[in-house]
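Me: Hi! I've got a new model open and would love to walk through it with you. Can we begin with how the helices pack?

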Amino acid sequence: MKLKSIIVEDEETSREILKNYLKKYCPNVEILGEAANVDEALILIRNNNDLDLVFLDVEMPYGNAFDLLDKVGDIDFETIFVTAYNHYAIEALNAHASYYLMKPISIDDLIKAVDYVSEIKMKEDALQDQILVPKTNTVNGKITIPQQDGFEVLETANIMYCKADDNYTEIYLNNNKKKLVSKTLKYFEEALNGSNFARVHKSYLVNVNEVTKYLKGKGGSVVLSNGKQIMVSASKKANFLSYFK
């Protein structure tokens with residue numbers, strides 16, 4: 001996984017050394033920008049909401065690393081302190097630093113620090129994926145769909161049908177709105193299992209409660225309450241009709 005990062009370091013030479021080390025030995029680190037003081041760093045952090053990691057020197061002009069973290073407030077990124085002074089270690093620990101690197105930077109230690117942060121982020125992502133897996137609740141009839149900044153909760157009863165779009169799924173709602181989700185139709189077929197949704201075609205999953213008419217044919221077709229007509233494949237016909245026996 002890519003770690004979107006910034007470097008906060010007042011010495012240009014130190015910034016260049018760290019950038020070169022990261023480029024050569026830690027290719028999973030993507031440098032979004034660099035700052036030489038607290039004010040520049042604060043702007044960078046506020047302009048990058050998806051920031052994963054900050055390489056942070058302690059002593060800078062017009063403030064230090066801890067001043068910066070105080071100004072940021074709610075911190076949702078990891079920090080690796082990079083400093084020539086070991087007496088800041090306890091403060092860094094209290095500031096929830098992920099790692100503490102001493103200058104001159106050891107390449108082995110740098111790799112260990114980045115690997116440690118990568119592991120933290122992977123665990124966080126795994127936990128979030130568990131939360132964001134679309135699933136229904138038989139009592140509440142709701143489903144969660146993942147979004148970049150979290151997830152949205154939909155009432156399953158408000159879903160008219162789902163349509164496959166390669167590795168994405170288009171979810172059509174009964175208010176004429178559409179949601180595009182980066183999950184396959186198979187994914188939603190499993191998530192909506194038991195909630196009156198039938199796979200009628202390789203590309204369509206329909207809410208059978210919205211079906212107003214079935215038109216005969218080899219597979220036939222269904223008409224939904226909004227007038228949308230969807231073909232039923234021959235292989236899916238028997239399963240679909242079983243909902244109406």
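Reply: Happy to. This is a predicted model, and a good place to begin is helix α2 (residues 38-46), which packs with helix α3 (residues 65-72) at an angle of about 35°, their axes being 10 Å apart. The crossing of α2 past α3 is right-handed.

Me: Which residues make the contact between α2 and α3?

Reply: From α2 there are Val 38, Asp 39, Ala 41, Leu 42, Ile 45 and Arg 46, and from α3 there are Leu 68, Lys 71 and Val 72. By type, six of the residues in this contact of α2 with α3 are nonpolar, three are charged and none is polar.

Me: Ok, and which residues touch the most other members in the largest nonpolar core?

Reply: Val 8, Leu 56 and Leu 68 do, in a core of 20 residues. Leu 68 is also one of the α3 residues in the contact with α2. The elements giving two or more residues to this core are β1 (3-8), α2, β3 (53-56) and α3.

Me: Let me click on Leu 56. What is Leu 56 in contact with, leaving aside neighbours within four places in sequence?

Reply: You should find Val 8, Ala 65, Leu 68, Leu 69, Ile 80, Phe 81 and Val 82 around Leu 56. There is another core apart from this one, with 16 residues, including Ile 7, Val 29, Phe 55 and Ile 105.

Me: Back to α2 for a sec. Glu 40 sits in that helix, so is Glu 40 buried or exposed?

Reply: In between: Glu 40 is partly exposed, with a relative accessible area of 38%. Its C-alpha is 8.6 Å from that of Val 8, although the two are 32 residues apart in sequence. Val 8 is one of the core residues that touch the most other members.

Me: Let's zoom out. How many helices and strands does the protein chain have?

Reply: Seven helices and 17 strands. The chain has 245 residues, and 40% of them count as buried. Of the contacts between residues at least 6 apart in sequence, 49% join residues at least 24 apart.

Me: Where is confidence lowest, and where is it highest?

Reply: Helix α4 (residues 89-94) is the lowest, with a mean of 66, and strand β14 (residues 204-207) is the highest, at 96. For the whole chain the mean pLDDT is 85, and 90% of residues reach 70 or more.

Me: Any backbone oddities? What is the peptide bond from Lys 103 to Pro 104 like?

Reply: That one is cis, with omega near -5°. You'll find Pro 104 in the loop between β7 (99-102) and α5 (107-132).

Me: And which residues other than glycine have a positive phi?

Reply: Two to look at are Asp 166, with phi about 55°, and Asn 196, with phi near 60°. Asp 166 is in the loop between β10 (159-165) and β11 (168-173), while Asn 196 is in the loop between α6 (185-191) and β13 (197-201).

Me: Why does Asp 166 count as exposed, and Asn 196 as partly exposed?

Reply: Asp 166 is exposed because its relative accessible area is 72%, and the cut-off for that class is over 50%. Asn 196 has 35% relative accessibility, so it counts as partly exposed.

Me: Nice. What about Lys 163 in β10, what does Lys 163 touch beyond its sequence neighbours?

Reply: Leaving out neighbours within four places, Lys 163 contacts Tyr 168, Thr 169, Glu 170, Tyr 172, Leu 185, Ser 203 and Tyr 204. Lys 163 is partly exposed, at 28% relative accessibility. Between the C-alpha atoms of Lys 163 and Lys 202 there are 9.0 Å, with their positions 39 residues apart in sequence.

Me: Last one, near the end of the chain. Where does Phe 244 lie?

Reply: Phe 244 is in the segment after α7 (234-241). Beyond neighbours within four places in sequence, Phe 244 is in contact with Val 208 and Val 211. The C-alpha atoms of Phe 244 and Val 208 are 8.9 Å apart, for residues 36 apart along the chain. With a relative accessible area of 46%, Phe 244 is partly exposed.

Terms used
Residues numbered from 1 in each chain as written. Predicted model: local features only at pLDDT ≥ 70, side-chain atom pairs only at ≥ 80, totals over all residues. Heavy atoms only, no water. Axes fitted to C-alpha atoms, helices over the stretch in contact; angles between N-to-C directions. Helix = DSSP H or I, 4+ residues; strand = E, 2+ residues; numbered from the N terminus. Left-handed = near helix turned anticlockwise from the far one by under 90°. Contact = heavy atoms within 4.5 Å. Nonpolar A, V, L, I, M, F, W, Y, C, P; charged D, E, K, R; others polar. pLDDT = per-residue confidence, 0-100. Core = buried A, V, L, I, M, F, W, Y, C linked by side-chain atoms within 4.5 Å. Buried < 20%, exposed > 50% of the residue type's maximum accessible area, 1.4 Å probe, protein only.
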